[in-house]
Amino acid sequence: MLFFKDLVAALRESGDEVLISSRDKDETIQLLESLGLPHVCLSRMGKGLLGMGVELGFRVARMLRVARRFRPDVLVARTGITIALIGRMLGIPSVVFDDTEFAWLQIALSAPLATVVCTGLGYRRRFPGKELRFNAPPHLAYTHPSRFRPRRDVLVAHGIDPDRPYTVLRVKAWRAIHDLGVRGPGDEELDRLVAALKEYGRVIISTERRLPEPLCRHLNPLPTNEVLH
């Protein structure tokens with residue numbers, strides 16, 4: 001949602017009406033609520049390929065009802081599996097931003113149906129006739145200095161000294177559709193990595209999955225909406 005928050009604000013300021021649909025996955029709901037952004041939760045993330053398939057069907061059905069009621073002029077998403085299909089069904093243009101080139105299943109389900117596929121620097125896959133390339137990494141949408149400036153006081157307020165070395169370690173849950181066939185590090189490997197990083201300063205772990213008890217003391221103390229600082 002960080003990717004779209006400034007766009008949402010600009011559209012609303014110009015008088016446009018925006019409806020945000022969400023999915024109960026990882027920290028999405030928590031982030032939306034902390035940013036004060038009302039949303040319609042369509043589904044909760046399923047487990048495994050079968051669970052995600054069932055969830056997709058449920059999500060598409062709910063999104064279809066939402067789109068018919070809201071009647072948008074355009075549908076926009078990061079991973080456009082749902083909106084590309086709904087857009088094709090209802091004749092509404094769909095714009096998809098993709099930055100995960102190896103997510104073949106995700107791309108196969110969204111790109112052929114999308115009206116426009118937007119890609120940034122470093123993305124080599126092409127979508128003839130529907131591609132819009134921009135000369136920047138996608139994350140600059142919410143980290144550019146005109147949109148975001150890191151604040152020392154936020155770190156200090158949560159017990160982090162910005163003048164002392166620290167490492168932020170991001171641990172994924174590896175449950176998304178683009179993670180099929182990919183496995184992350186186990187607890188022992190993670191423990192060895194933290195032990196090595198501690199030689200260089202404090203280790204702060206931002207995680208999507210449950211950590212073993214010994215590593216919990218390294219958990220990120222910042223709330224989700226302030227983690228960029």
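In this predicted model, Lys5 comes out as partly exposed, with a relative accessibility of 24%. Its salt-bridge partner is Asp6, and the two side chains meet at 3.6 Å, N to O. Asp6 is partly exposed as well, at a relative accessible area of 21%; that puts Asp6 in the partly exposed class because buried is reserved for values under 20%. The pair does not stand by itself: Lys5, Asp6 and Arg147 are tied together in a network of salt bridges.

Searching the whole structure turns up 11 salt bridges. Another of them joins Arg151 and Asp153, whose side chains meet at 2.7 Å, N to O. Here Arg151 has a relative accessibility of 44% and counts as partly exposed, while Asp153, at 45%, also counts as partly exposed.

A further salt bridge runs between Glu208 and Arg170, with 3.0 Å separating the closest N and O atoms. This one links distant parts of the chain: Arg170 lies in strand β7 (residues 166-171), Glu208 sits in the segment after β8 (202-207), and the two are 38 residues apart. As for solvent access, Glu208 is partly exposed at 22% relative accessibility. Arg170 is put in that class too, since its relative accessible area of 44% falls between the 20% limit for buried and the 50% limit for exposed.

Turning to the strands, four of them make up an open sheet in the order β3-β4-β5-β6, and the pairing is parallel. The edges are taken by β3 (75-77) and β6 (131-133), each of which pairs on one side only. On average, neighbouring strands in this sheet are turned by 20° against each other, with direction ignored.

At the β3 edge, the partner is strand β4 (residues 94-97), and the two pair in the parallel sense over three bridges. Within this pairing, Ala77 has Val96 of β4 as its bridge partner. Helix α4 (residues 81-90) packs on the sheet and touches both β3 and β4. The direction of α4 makes about 165° with that of β3.

Notes: Residues are numbered from 1 along each chain as its sequence is written. This is a predicted model: local features need pLDDT of at least 70, side-chain atom pairs count only at pLDDT 80 or more; totals for chains, interfaces and linings use all residues. Side-chain values use heavy atoms; hydrogens and water are left out. A salt bridge is a side-chain nitrogen of Lys or Arg within 4 Å of a carboxyl oxygen of Asp or Glu. Buried means under 20% relative accessible area, exposed over 50%, partly exposed in between (1.4 Å probe, protein chains only). Helices (H or I, at least four residues) and strands (E, at least two) are DSSP runs, numbered from the N terminus. Two strands pair if DSSP finds at least two bridges between them. Axes are lines fitted to C-alpha atoms, for helices over the stretch in contact, and angles run from 0 to 180 degrees between N-to-C directions. Contact means heavy atoms within 4.5 Å.
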